[in-house]
Every structure is written in C-alpha cells, then in structure tokens.
Amino acid sequence: MTTRIVVLSDLHVSVPGPLNNFRAGEALADMIDATLDAGTTLVLAGDVFDFLQVPDRPETVLDLPAAPDLMRRTFAAIRAQPWGERLFTALGSKIAHGTQCLVLAGNHDPEVLHPSTEQVLGEALGLGGAHKNLCVHRDPGPWQASVGRWTVRIAHGHRGDPWNAIKTEDVQRAIATGDRALPMPPGSKLVTQALNAYKNA
C-alpha cells in the first residue's frame, strides 16, 4: 500500500555528451538511497529521460517501431557511466525491494509509451526485465492515486500546450499501425533541429 508519493520530473537524463547537461547522477543516486522504501511510490513524471538528445535519431518524426532500440541505446550509454551504473543499480534495488515506480511520458520521452518499456527499462535497472513494481501510465488523462484523505493527480506539463503536446492516443495509434513517421510538435523540432545543432557547434 502506498503511504507516500515522491515525484521527479524533467531531469532530462540522456546519452552523455555535448547534447546533454544532466550532471547530478551521484546526487540523484544518494536521494534514491535515502528516500525510497517499500511504502513509497516513485513517479517519474515525464522528461526524466530525454530521447530528443540522442545522436542519430530522426529530427522531425517519432519512429515508434524503433523506440525499444532507442531506449536500449540510451540506457546502455547512461549505465556505462560510473554515476549511471550507481543510479540504475540504486533504483533497481529499491524497486526489487518494494518501491513502486510509475513512469509517465513527457514531450522529450514519449517513446516510454511503447509496450516494451517495462521490459527494456527493467533490464537496464538490473531487474532482468519487466517487474511487478515497475509500470508505465499509458492512459490519456493524468495519473491519480489516494494517499490518506488526499487525492493526488500528476501529469507532465506539455499536456494541453499546442507547442509541445504529443497526444497519447496518436502515439498509441502509431505503435499499433507501425507508423515510423508520427510528426513531432514544434517544440520537439526546436530541440532536435536548433538547440542540438547549437550545442554541437
């Protein structure tokens, strides 16, 4: 039973290199070690990972059939770093020992809506694959839960923003049909076509 909810969002953890500016891996691992327990639900509430900053990805479309490979490459590159190894090991251990981990999609990581995410992320976390305590929220609306007398609703901030919105229904349809060319919203194209080029320069 959940007695506490811890929310993390917009960390933008991605492939180490010029496109990514996440530098808090050790601190995040410390926080996970100190904060999470079997009575806690950890909500990764969107853009915790950043797949727009992965080199060699399409710049203007979402290739949903390629999402499992994109995630595997990203997680492997993160885990190859000493801080990434510690971070993924810490989170995987907490999940294995009872922490519930719920993943929400943001506009920088909509690929997590793919049905393979629990398997791919579970492998990266050292869980051997999908785990009962690791799940992705794939409903179009916000996630909600009750903690005591409180109702908690959580959604990522891109929802309802026409510059950044990626409809869950559109992603699910692209996955079901094998569509490799779901158009990105303008905000995502700004990242892949302008900001990434600026960082590389």
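**Cysteines, sheet and internal cavities**

No disulfides were found in a search of the whole structure, the count being 0. The structure is a predicted model. Cys-101 takes part in no disulfide, and the nearest cysteine sulfur, which belongs to Cys-135, lies 7.9 Å away. Cys-135 is likewise in no disulfide, with the sulfur of Cys-101 as its nearest cysteine sulfur, at 7.9 Å. A pair of cysteine sulfur atoms must lie within 2.5 Å to count as a disulfide, so a separation of 7.9 Å does not qualify. As for solvent exposure, Cys-101 has a relative accessible area of 2% and is therefore classed as buried, the limit for that class being under 20%. Cys-135 has a relative accessibility of 35% and counts as partly exposed.

The strands were examined next. An open sheet is formed by 4 strands in the order S1-S2-S4-S5, and the pairing is parallel. Strand S1 (4–8) and strand S5 (134–136) are at the edges; each has a single partner strand, so one side of each has no neighbour in the sheet. From one strand to the next, the twist averages 20°. The parallel pairing of S1 with strand S2 (residues 40–45) extends over 5 bridges. Within this part of the sheet, Ile-5 has Thr-41 of S2 as its bridge partner.

Internal space was then considered. Rolling a probe the size of a water molecule over the atoms reveals where empty space remains. Over the whole structure, 2 cavities of 30 Å³ or more were found. The largest cavity has a volume of about 130 Å³. Its lining consists of 19 residues, and those nearest the centre of the cavity are Ala-105, Leu-113, His-158, Arg-159 and Thr-168. The lining of the largest cavity is mixed in class, with 10 nonpolar, 6 polar and 3 charged residues.

The second largest cavity contains about 100 Å³ of space. The residues lining the second largest cavity are Leu-8, Leu-11, Val-13, Leu-28, Ile-32, Leu-44, Val-48, Phe-49, Leu-87, Phe-88, Leu-91 and Leu-125. By class, this lining comprises 12 nonpolar residues, with no polar and no charged residues. At least two residues of the lining come from each of helix H1 (25–35) and helix H3 (82–96). The greatest contribution to the lining of the second largest cavity is that of H3, with 3 residues.

Conventions
Residues numbered from 1 in each chain as written. Predicted model: local features only at pLDDT ≥ 70, side-chain atom pairs only at ≥ 80, totals over all residues. Heavy atoms only, no water. 1 Å grid on protein atoms, 1.4 Å probe; cavity = no way out; pocket = protein on both sides within 12 Å on 5 of 7 lines; lining within 4 Å. Points joined across faces, edges and corners; volume = space filled by probe spheres on them. Nonpolar A, V, L, I, M, F, W, Y, C, P; charged D, E, K, R; others polar. Pairing = 2+ DSSP bridges. Axes fitted to C-alpha atoms, helices over the stretch in contact; angles between N-to-C directions. Buried < 20%, exposed > 50% of the residue type's maximum accessible area, 1.4 Å probe, protein only.
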